[in-house]
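Student: I'd like to walk through this model with you, from the overall fold down to single residues. Shall we take a look together?

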Amino acid sequence: TLLIVSVALLSSSCRDSYDDYVQERGQTIGFTSLPLEVQLPPGGGIPNFPIPFFVTSISDSDRTFEVIVVEEETTLTADNYTIETTVTIPPTERSGTLPFSATNNSISADDFQNLVLAFKATADVTSGKKAVVSLKSTE
């Protein structure tokens, strides 16, 4: 019976086709940082904190990707942070950082408020891991 099961498994696994796997999938870009949690005093801030990202492909020319705020997952109001809306990756590079700045203008002390960032997906670009920055006031 072991021989029969082995033959059945081998013959059924040979029927699978992975022809669709070898296709152009474009590039994927995503953030590589762990979620960041910071407590800030009123008026306090973080200047130009680098949020790292990685892209799966290399190019011989500059590439620019759009950064978006994931509105449905973000509870932090825009008066408390600034980010660039695009990042440019130089030729032959696969990684970089997005500068993030925060100032406690209206952050609550009750609970962390989240900013969730992603790269905009297009026909040629898949958006990978999101970045999560959580801020809370000390007072």
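**Two sheets and a shared core**

Student: Which residue in strand 9 does Thr28 stand opposite?
Tutor: A good place to start, bearing in mind that this is a predicted model. Strand 1 covers residues 27-31 and pairs with strand 9 in the parallel sense, over three bridges. Within that pairing, the residue facing Thr28 is Thr126.

Student: How many helices and strands does the protein have?
Tutor: Reading along the sequence, the pattern is α-β-β-β-β-β-β-β-β-β-β. The helix therefore comes at the start of that pattern, by the DSSP runs numbered from the N terminus. The count is one helix and ten strands.

Student: What is the strand order of the open sheet that contains strand 1 and strand 9?
Tutor: This sheet has five strands with mixed pairing. Its edges are strand 5 (81-83) and strand 9 (125-127), each of which pairs on one side only. Neighbouring strands are turned against each other by 25 degrees on average, direction ignored. The order is 5-7-3-1-9.

Student: In what sense do strand 3 and strand 7 pair, parallel or antiparallel?
Tutor: Strand 3 takes in residues 45-55 and strand 7 residues 95-103, and eight bridges link them. One bridge joins Pro50 to Pro99 in strand 7. The sense of this pairing is antiparallel.

Student: And what is the bridge partner of Thr82 in strand 7?
Tutor: Here we turn to strand 5, which pairs with strand 7 over three bridges. That pairing runs in the antiparallel sense. The partner of Thr82 is Ser101.

Student: Which strands stand at the edges of the sheet with the order 2-10-8-4-6?
Tutor: This is an open sheet of five strands with mixed pairing. An edge strand has a single partner strand, so one of its sides is left without a neighbour in the sheet. From one strand to the next, the twist averages 25 degrees. The edge strands are strand 2 and strand 6.

Student: What is the bridge partner of Arg63 in strand 6?
Tutor: Strand 4 and strand 6 pair in the antiparallel sense, with four bridges between them. Within strand 6, the partner of Arg63 is Ile89.

Student: Which strand supplies the largest share of the largest nonpolar core?
Tutor: That core has 27 residues, and the members touching the most others are Phe31, Phe100, Leu117 and Leu135. Strands that each supply at least two residues include strand 1, strand 2 (36-40), strand 4 (63-69), strand 8 (113-119) and strand 10 (131-137). The largest share, four residues, comes from strand 3.

Student: Which residues from 117 to 119 does Phe31 contact, leaving aside its neighbours within four places in sequence?
Tutor: Phe31 is one of the core members that touch the most others. Its contacts include Ile51, Pro52, Phe53, Val67 and Leu98. In the stretch you ask about, they are Leu117, Ala118 and Phe119.

Student: Is Pro47 buried or exposed?
Tutor: Pro47 has its place in strand 3. Leaving aside neighbours within four places in sequence, Pro47 is in contact with Phe100 and Ser101. Its relative accessibility is 67%, and the cut-off for the class is over 50%, so Pro47 counts as exposed.

Student: What is the phi of Asn48, roughly?
Tutor: Asn48 lies in strand 3 and is exposed, with a relative accessible area of 54%. Its phi is positive in a residue other than glycine, near 50 degrees.

Student: Where is Thr92 found?
Tutor: Thr92 also has a positive phi, near 65 degrees, in a residue other than glycine. It is exposed, with a relative accessible area of 55%. Its location is the loop between strand 6 and strand 7.

Student: Over which residues does pLDDT stay under 50?
Tutor: For the protein, mean pLDDT is 87, and 82% of residues reach 70 or more. Where pLDDT is low, the predicted coordinates should not be read in detail. The model has zero contacts beyond four places in sequence for the stretch in question, which is residues 5-10.

Student: What percentage of the residues is buried?
Tutor: The accessible surface comes to about 8800 Å², with 55% of it belonging to carbon and sulfur atoms. A residue counts as buried when its relative accessible area is under 20%. Among the 139 residues of the protein, the buried share is 32%.

Notes: Residues are numbered from 1 along each chain as its sequence is written. This is a predicted model: local features need pLDDT of at least 70, side-chain atom pairs count only at pLDDT 80 or more; totals for chains, interfaces and linings use all residues. Side-chain values use heavy atoms; hydrogens and water are left out. Two strands pair if DSSP finds at least two bridges between them. Axes are lines fitted to C-alpha atoms, for helices over the stretch in contact, and angles run from 0 to 180 degrees between N-to-C directions. Buried means under 20% relative accessible area, exposed over 50%, partly exposed in between (1.4 Å probe, protein chains only). Accessible areas come from the Shrake-Rupley method with a 1.4 Å probe; for residues, only the protein chains shown count as cover. A nonpolar core is a set of buried Ala, Val, Leu, Ile, Met, Phe, Trp, Tyr and Cys residues joined through side-chain atoms within 4.5 Å. Contact means heavy atoms within 4.5 Å. pLDDT is the predictor's confidence in each residue, from 0 to 100.
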